[in-house]
Amino acid sequence: MRRLIKWVLLGVLVVVGVVGVYFAPRVHRLSIIGAGYIAKQMCSCVFVAERDFASCRADMPPDMALVRAEVLPGERGVHAWIPGIAERAARYTPGTGCTLY
């Protein structure tokens with residue numbers, strides 16, 4: 001019986017590993033897009049619309065709650081990231097607005 005449990009657990013781990021390897025690139029690409037979206041939107045809201053950071057964050061879609069963001073210290077820009085997966089930043093330039101970099 002113990003031998004059967006070990007094989008079942010090993011099989012489950014192999015399946016989880018294969019699924020993880022298969023979906024990891026897609027998750028990474030979508031995470032970069034999400035971080036870029038939050039960086040750009042927050043930058044535009046804070047520096048173009050001149051709104052408070054907290055009120056801008058409240059306007060972001062609920063499914064973007066995993067994406068963290070902060071105003072860049074010493075710069076006019078926003079850094080957004082999903083811990084350990086992806087990060088993007090947007091910088092404000094007078095006359096052209098916010099752009100990702």
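**Reading a sheet, its core and its ring pairs**

Mentor: Let's start with one pair: glutamate 70 stands opposite histidine 79, a residue of S2. Keep in mind that this is a predicted model.

Trainee: Happy to. How many bridges join S1 to S2, and which way do the strands run?

Mentor: Four bridges join them, and S1 and S2 run antiparallel. The two strands form a hairpin with five residues between them, and glycine 74 in the turn has a positive phi of about 80 degrees.

Trainee: What stands opposite histidine 79 in S3?

Mentor: That place is taken by alanine 89. Strand S2 (residues 77–82) and strand S3 (residues 86–93) are joined by six bridges and run antiparallel. Their hairpin has three residues between the strands, and there glycine 84 takes a positive phi near 75 degrees.

Trainee: In what order do the strands of the whole sheet come?

Mentor: The sheet is open, with four strands in the order S1-S2-S3-S4 and antiparallel pairing. Strand S1 (68–71) and strand S4 (97–100) are at the edges; each has a single partner strand, so one side of each has no neighbour in the sheet. From one strand to the next, the twist averages 20 degrees.

Trainee: Where does helix H1 lie?

Mentor: Helix H1, residues 2–48, lies across S1, S2, S3 and S4 and runs at about 25 degrees to S3.

Trainee: Back to histidine 79 in S2. Is histidine 79 buried or exposed?

Mentor: Its relative accessibility is 17%, and the cut-off for buried is under 20%, so histidine 79 counts as buried. Its side chain makes a polar contact of 2.8 Å with the side chain of glutamate 87. Leaving out residues up to four places away in sequence, histidine 79 touches Arg68, Ala69, Glu70, Leu72, Glu87, Arg88 and Ala89. Strand S2 is mostly covered, with five of its six residues buried.

Trainee: What should I expect of the side chains along a strand?

Mentor: In a regular strand, side chains alternate between the two faces of the sheet. As an example to look at beside histidine 79, take valine 78, which stands opposite alanine 90 in S3. Beyond four places in sequence, the contacts of valine 78 include Ala39, Met42, Cys43 and Phe47.

Trainee: Which residues have the most contacts inside the largest nonpolar core?

Mentor: The general idea is that nonpolar side chains tend to be buried together in soluble globular proteins. Here the largest nonpolar core has 18 residues, and those with the most contacts inside it are Ile38, Met42, Cys43, Phe47, Val67, Val78 and Ala80. H1, S2 and S3 are the elements that give two or more residues to this core, and the largest share, seven residues, comes from H1.

Trainee: How many aromatic pairs does the count come to?

Mentor: An aromatic pair is described by the distance of the ring centres and the angle of the planes. The count here comes to two aromatic pairs. For tyrosine 22 and phenylalanine 23 the centres are 4.9 Å apart and the planes at 85 degrees, so the pair is edge-to-face. Tyrosine 22 is exposed at 63% relative accessible area, while phenylalanine 23 is partly exposed at 40%.

Trainee: And what kind of pair do phenylalanine 47 and tyrosine 92 form?

Mentor: Their ring centres are 6.1 Å apart and their planes at 20 degrees, so this pair is stacked. Phenylalanine 47 is in helix H1 and tyrosine 92 in strand S3, so the pair ties together parts 45 residues apart in sequence. Phenylalanine 47 is buried at 11% relative accessible area, and tyrosine 92 is buried at 19%.

Methods:
Residues are numbered from 1 along each chain as its sequence is written. This is a predicted model: local features need pLDDT of at least 70, side-chain atom pairs count only at pLDDT 80 or more; totals for chains, interfaces and linings use all residues. Side-chain values use heavy atoms; hydrogens and water are left out. Two strands pair if DSSP finds at least two bridges between them. Axes are lines fitted to C-alpha atoms, for helices over the stretch in contact, and angles run from 0 to 180 degrees between N-to-C directions. Contact means heavy atoms within 4.5 Å. Buried means under 20% relative accessible area, exposed over 50%, partly exposed in between (1.4 Å probe, protein chains only). A polar contact is a pair of N or O atoms within 3.5 Å; within protein, one must be able to donate a hydrogen and the other to accept it, and residues adjacent in sequence count only if both atoms are side-chain atoms. A nonpolar core is a set of buried Ala, Val, Leu, Ile, Met, Phe, Trp, Tyr and Cys residues joined through side-chain atoms within 4.5 Å. Rings of Phe, Tyr and Trp (its six-membered ring) pair if their centres lie within 6.5 Å; planes under 30 degrees apart count as stacked, over 60 as edge-to-face and the rest as tilted.
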